[in-house]
Amino acid sequence: MSAALSWTVFVDVGFYGSEFRERIFTWIAAGGLQVDWSLRVDSLVAVMLVVVTNVSALVHVYSIGYMRGNREQNQTRFYALFAVSLGATMGIAFAANLFTLFLFYEM
């Protein structure tokens with residue numbers, strides 16, 4: 001599903017030239033320092049979303065076949081951690097500033 005949605009973002013940004021930047025909330029506001037949690041979508045982000053989501057979809061399909069005979073309890077943990085790492089990678093691509101990039105990198 002995320003791979004299909006990333007293609008719609010790619011077409012919208014690539015062909016129609018739309019860019020998007022959204023401040024979610026202010027994380028730190030002290031004196032003259034303001035650190036925001038913000039995300040952006042531009043042409044580089046659109047390309048990275050297509051690459052990340054399509055490669056992860058292929059890895060997911062391959063891992064289903066690879067782990068078919070494996071009935072261990074770790075299989076559920078593998079797919080959960082795979083989803084978390086995909087979300088963190090997409091967050092790195094969406095990061096609009098170094099603070100947001102650092103948080104998703106640490107995830």
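**Exercise 1. Determine which residues of helix 2 meet which residues of helix 3, and how the two helices are oriented.**

Solution. Contact requires heavy atoms within 4.5 Å. On the helix 2 side, Val-45, Met-48, Leu-49, Val-52, Thr-53, Ser-56, Val-59, His-60, Ser-63 and Ile-64 take part. Their partners in helix 3 are Phe-78, Tyr-79, Phe-82, Leu-86, Thr-89, Met-90, Ala-93 and Phe-94. By class, the residues of this contact comprise 13 nonpolar, five polar and no charged. In that division Ala, Val, Leu, Ile, Met, Phe, Trp, Tyr, Cys and Pro count as nonpolar, Asp, Glu, Lys and Arg as charged, and the others, Gly among them, as polar.

The model is predicted: local features need pLDDT of at least 70, side-chain atom pairs count only at pLDDT 80 or more, and totals for chains, interfaces and linings use all residues. Residues are numbered from 1 along each chain as its sequence is written, and side-chain values use heavy atoms, with hydrogens and water left out.

For the orientation, helix 2 (residues 43-66) and helix 3 (residues 74-94) pack at about 170°, and their axes are 9 Å apart. Helix 2 is therefore roughly antiparallel to helix 3, a term for angles over 145 degrees. The axes are lines fitted to C-alpha atoms over the stretch in contact, and angles run from 0 to 180 degrees between N-to-C directions. Helices are DSSP runs (H or I, at least four residues) and strands likewise (E, at least two), numbered from the N terminus.

**Exercise 2. Compare the span of each of these helices with its expected value, and state which residues are buried.**

Solution. The expected span is 1.5 Å times one less than the number of residues. Helix 2, with 24 residues, reaches 35 Å from its first C-alpha to its last, close to the expected 34 Å. Helix 3, with 21 residues, reaches 30 Å, close to the expected 30 Å.

Buried means under 20% relative accessible area, exposed over 50%, and partly exposed in between (1.4 Å probe, protein chains only). In helix 2 the buried residues are Val-45, Ala-46, Leu-49, Val-50, Val-52, Thr-53, Ser-56 and Ser-63; their cover includes helix 1 (2-16), strand 2 (33-41) and helix 3. In helix 3 they are Gln-75, Phe-82, Leu-86, Ala-88, Gly-91 and Ala-93, which pack against helix 1, helix 2 and helix 4.

**Exercise 3. Establish how many aromatic pairs there are, and describe the pair of Phe-78 and Tyr-79.**

Solution. Rings of Phe, Tyr and Trp (its six-membered ring) pair if their centres lie within 6.5 Å; planes under 30 degrees apart are stacked, over 60 edge-to-face and the rest tilted. The count by this rule is nine aromatic pairs. Phe-78 and Tyr-79 form an edge-to-face pair, at 5.1 Å centre to centre and 70° between the planes. Phe-78 is partly exposed, with a relative accessible area of 32%. One aromatic cluster consists of Phe-25, Trp-27, Trp-37, Phe-99 and Phe-104.

**Exercise 4. Describe the surroundings of Phe-94 and Phe-99.**

Solution. Phe-94 is placed in helix 3 and is partly exposed at 21% relative accessibility. Beyond four places in sequence, Phe-94 touches Ser-38, Leu-39, Arg-40, Val-41, Val-45 and Leu-49. The C-alpha atoms of Phe-94 and Val-41 are separated by 6.4 Å, although 53 residues apart along the chain.

Phe-99 belongs to helix 4 (residues 98-106) and is partly exposed, with a relative accessible area of 21%. Leaving aside neighbours within four places in sequence, Phe-99 contacts Trp-27, Val-35, Asp-36 and Trp-37. Its C-alpha atom is separated by 9.0 Å from that of Ser-38, 61 residues apart along the chain.

How values were computed. Angles under 35 degrees count as roughly parallel, over 145 as roughly antiparallel, 65 to 115 as roughly perpendicular and the rest as oblique.
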